[in-house]
Amino acid sequence: MLKNWTIRRATGLGMIAGLAAMVLWPAYAAYPERILVPFLAALLIAAFCGMSILMITCADMILHRRGESLRPVRAFDIIIGLALAVPSLLQLSALGVF
């Protein structure tokens with residue numbers, strides 16, 4: 001099912017969801033009952049995309065031994081994955097979802 005799910009797709013969708021969550025955050029603070037569902041959806045999508053980037057990168061590192069030329073790309077993927085996953089998961093934890 002996730003055969004076509006790539007780091008590129010996860011990054012694009014995750015960035016959009018992360019930006020949406022950042023835009024919805026002040027609105028959630030002002031109107032929590034109205035904005036809760038879209039805010040949670042944006043956070044969940046961003047967290048899923050970040051975690052999937054990390055999982056795909058780890059799987060690639062384990063399954064395909066590549067040279068040092070790919071090391072900067074992997075580092076970038078790990079940074080993007082963490083940047084999407086960590087803040088989203090922290091906010092979801094603060095909201096009591098996890």
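Start by selecting Met61: leaving out residues up to four places away in sequence, Met61 touches Arg74 and Ile78, where contact means heavy atoms within 4.5 Å. This is a predicted model, in which local features need pLDDT of at least 70, side-chain atom pairs count only at pLDDT 80 or more, and totals for chains, interfaces and linings use all residues. Residues are numbered from 1 along each chain as its sequence is written, and side-chain values use heavy atoms, with hydrogens and water left out.

Stay on Met61 for a moment. Met61 sits in helix α2; helices (H or I, at least four residues) and strands (E, at least two) are DSSP runs, numbered from the N terminus. Is Met61 buried or exposed? Neither: Met61 counts as partly exposed because its relative accessibility is 33%. On this scale, buried means under 20% relative accessible area, exposed over 50%, and partly exposed in between, with a 1.4 Å probe and protein chains only. Now draw a distance from Met61 to Ala94: the two are 33 residues apart along the chain, and their C-alpha atoms are separated by 32 Å.

Next, select Thr57, which also belongs to helix α2 (residues 32–63). Thr57 counts as buried because its relative accessibility is 3%. Which residues does Thr57 touch, not counting those up to four places away in sequence? They are Ile7, Arg74, Asp77 and Ile78.

Zoom out to the whole protein chain. You should find three helices and zero strands, in the order α-α-α along the sequence. The C-alpha atoms fill a box of roughly 50 × 25 × 20 Å, taken along the principal axes. Colour by accessibility next: of the 98 residues, 33% count as buried. The chain exposes about 6700 Å², with 72% of that supplied by carbon and sulfur atoms; these areas come from the Shrake-Rupley method with a 1.4 Å probe, and for residues only the protein chains shown count as cover. If you have a contact map to hand, look at contacts between residues at least 6 apart in sequence: 71% of them join residues at least 24 apart.

Now for the pocket. The largest pocket has a volume of about 280 Å³. Of the 16 residues that line the largest pocket, select the closest to its centre: Gly18, Ala21, Met22, Pro87 and Ser88. A pocket here, on a 1 Å grid over the protein atoms alone, is an open set of points where a 1.4 Å probe fits, with protein on both sides within 12 Å along at least five of seven lines; lining residues have an atom within 4 Å of a point. Which helix gives the most to this lining? That is α1, with seven residues. Helices α1 (7–30), α2 and α3 (71–94) each supply at least two residues.

Go on to Gln91 in helix α3. Leaving aside neighbours within four places in sequence, Gln91 is in contact with Trp25, Phe39 and Leu43. Measure across to Ala21 as well: Gln91 and Ala21 are 70 residues apart in sequence and 10 Å apart in space, C-alpha to C-alpha.

Finish at Ala20, found in helix α1. Ala20 is partly exposed, because its relative accessible area is 30%. For a last distance, pick Ala41: Ala20 and Ala41 lie 21 residues apart in sequence and 9.6 Å apart in space, C-alpha to C-alpha.

How values were computed:
Points joined across faces, edges and corners; volume = space filled by probe spheres on them.
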